[in-house]
Amino acid sequence: MNRLDKPWQVSITVVEGCNRMCDFCGIHGIRDKVGNYKYMSLDTLRRIADEIAIFCPTVKIDMASHGEPTLHPDIYQYISIAREKLPKAQMMLTTNGLTSLKSSEHFSTQVKNILNAGIDFILMDTYYPERDRIRAYASEVQGVDVVDYYTDLLPAGLSPYYNYHRKKLTNTLILLDDISKVTGKSNTRLLNNAGGNSGSVKPLSEPLKSVCVRPFREMSFRHDGNVTLCCQDWKGEYVIGNIMEYSMSDIWNSDQFYSVRTFLRNKLRVFNPCSICDMPAGFRVGLLPAYPYPTSSHANVVKVTLEKSKEYSGVEPRFTSEFEEILHGE
């Protein structure tokens with residue numbers, strides 16, 4: 001049985017919910033308006049950090065997924081705890097910058113507090129109509145490297161989506177242009193339908209016939225400690241396990257993850273949410289280990305996991321005829 005050693009990236013949802021409702025975002029899969037925020041508990045954050053320290057202490061961490069992290073009332077403390085436990089991990093925080101816009105001074109203070117707490121670099125999306133204000137405030141920040149993703153990093157061959165193991169892009173604020181205006185300008189910045197949850201990018205009517213590398217390379221923690229299929233699984237349609245009940249190693253090497261990988265490695269996006277997701281295959285597909293063609297046993301694991309996850313997501317499991325044929329050994 002092929003197992004992957006470690007995840008390449010870990011995303012941590014310290015806040016579920018956002019102070020924006022961008023029409024293209026997957027937030028529409030779990031919210032119909034701003035508010036109703038759900039916060040990760042301190043116990044859950046500590047448990048995640050402890051497990052990362054044991055399993056993959058040099059992993060790349062994004063402290064953002066499914067929400068705006070700076071809405072957490074104790075965000076600086078959470079960053080500090082994670083950094084104390086994970087001194088070798090590259091940590092970034094992705095934000096829309098809205099909570100920093102009280103004044104230029106407040107913007108500068110918040111940026112420095114986040115970095116001083118232990119984040120290596122901040123990715124700040126500059127959406128309209130706040131874009132110009134954010135960039136004006138950013139230009140006034142002292143003692144921090146302020147760079148633009150498109151005009152500064154790309155020409156230099158640098159990317160915040162690469163793990164530099166804390167050797168590059170430290171103490172840095174990276175500004176990203178509104179993706180709805182520049183999608184496709186970079187192959188790492190493309191609008192997609194967020195696992196079928198986008199407000200404006202439609203779900204697919206037919207599954208893509210391609211590999212997806214995400215379940216091979218990332219682990220996505222929700223605010224309550226649940227680990228789902230990937231960061232694009234906004235509703236939590238495929239819950240693999242909860243970090244408060246299982247170790248990170250056990251979750252990563254579980255039958256639930258392995259069975260999904262047998263399908264996706266063989267270009268079979270034949271169950272939800274993968275069947276309506278338009279995410280491209282991803283980078284370095286050729287480096288993935290070979291996986292056997294899925295059997296009825298693998299299909300049954302996927303089916304049972306989706307059925308159990310319905311209680312969490314509220315989503316009825318969906319399977320294509322191709323999945324049914326594998327399930328029944330046809």
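Proline 129 sits in the loop that joins β6 (121-126) to α4 (131-138); helices (H or I, at least four residues) and strands (E, at least two) are DSSP runs, numbered from the N terminus. The peptide bond that leads into this proline from tyrosine 128 is cis, with omega near 5°. The model is predicted, so local features need pLDDT of at least 70 and side-chain atom pairs count only at pLDDT 80 or more, while totals for chains, interfaces and linings use all residues. Residues are numbered from 1 along each chain as its sequence is written, and side-chain values use heavy atoms, with hydrogens and water left out.

**Overall build**

- The chain holds 11 helices and 11 strands.
- Its radius of gyration is 20 Å, close to the 20 Å that the globule rule gives for 330 residues, so the chain is as compact as a globular protein of that length. The radius is taken over C-alpha atoms, and the rule is 2.2 Å times the number of residues to the power 0.38.
- Along the principal axes, the C-alpha atoms of the chain fill a box of roughly 65 × 40 × 40 Å.
- Of the 330 residues in the chain, 56% are buried. Buried means under 20% relative accessible area, exposed over 50%, and partly exposed in between (1.4 Å probe, protein chains only).
- Among contacts in the chain with a separation of 6 or more, 77% come from residues 24 or more positions apart; contact means heavy atoms within 4.5 Å.

**Surface and charge**

- About 14,100 Å² of the chain is exposed, and carbon and sulfur atoms supply 49% of that area. Accessible areas come from the Shrake-Rupley method with a 1.4 Å probe; for residues, only the protein chains shown count as cover.
- The chain has 38 positive and 38 negative charges, and their mean positions are 4 Å apart. Lys and Arg count as positive and Asp and Glu as negative, without His and the chain ends; each charge is placed at NZ of Lys, CZ of Arg, CG of Asp or CD of Glu.

**Backbone exceptions**

- Most residues other than glycine have a negative phi, and most peptide bonds are trans.
- A cis peptide bond also runs from asparagine 272 to proline 273, with omega near 0°. Proline 273 belongs to the loop between α9 and α10 (296-313).
- Asparagine 36, which is not a glycine, has a positive phi of about 55°. Asparagine 36 is in the loop between β2 (15-16) and β3 (38-39) and is exposed, at 57% relative accessible area.
- Leucine 169 has a positive phi near 60°. Its place is the loop between α5 (149-156) and β8 (172-177), where leucine 169 is buried with a relative accessible area of 11%.

**Helix α9**

- Helix α9 (residues 255-265) is mostly covered, with 9 of its 11 residues buried.
- The buried set includes the aromatic residues Phe257, Tyr258 and Phe263, and also Arg261 and Arg265.
- Lysine 267, just after α9, takes a positive phi of about 60°.

**Cysteines**

- The whole structure contains 0 disulfides, a disulfide being a pair of cysteine sulfur atoms within 2.5 Å.
- Cysteine 18 is in no disulfide, and the nearest cysteine sulfur, in cysteine 25, is 6.6 Å away. Cysteine 18 counts as buried at 14% relative accessibility.
- For cysteine 212, the closest cysteine sulfur is that of cysteine 230, at 6.0 Å, which is too far for a bond. Cysteine 212 is buried at 9% relative accessibility.

**Two buried positions**

- Methionine 92 is in strand β5 (residues 90-95) and is buried, at 2% relative accessibility.
- Leaving aside neighbours within four places in sequence, methionine 92 is in contact with Lys60, Ile61, Asp62, Met63, Ile119, Phe121, Leu123 and Pro160.
- Isoleucine 114 is part of helix α3 (residues 104-117) and is buried, with a relative accessible area of 2%.
- With neighbours within four places in sequence set aside, the contacts of isoleucine 114 are Thr70, Tyr76, Ile79, Leu93, Ile119 and Ile122.
- Isoleucine 114 and glutamine 77 are 37 residues apart along the chain, and their C-alpha atoms are separated by 9.7 Å.
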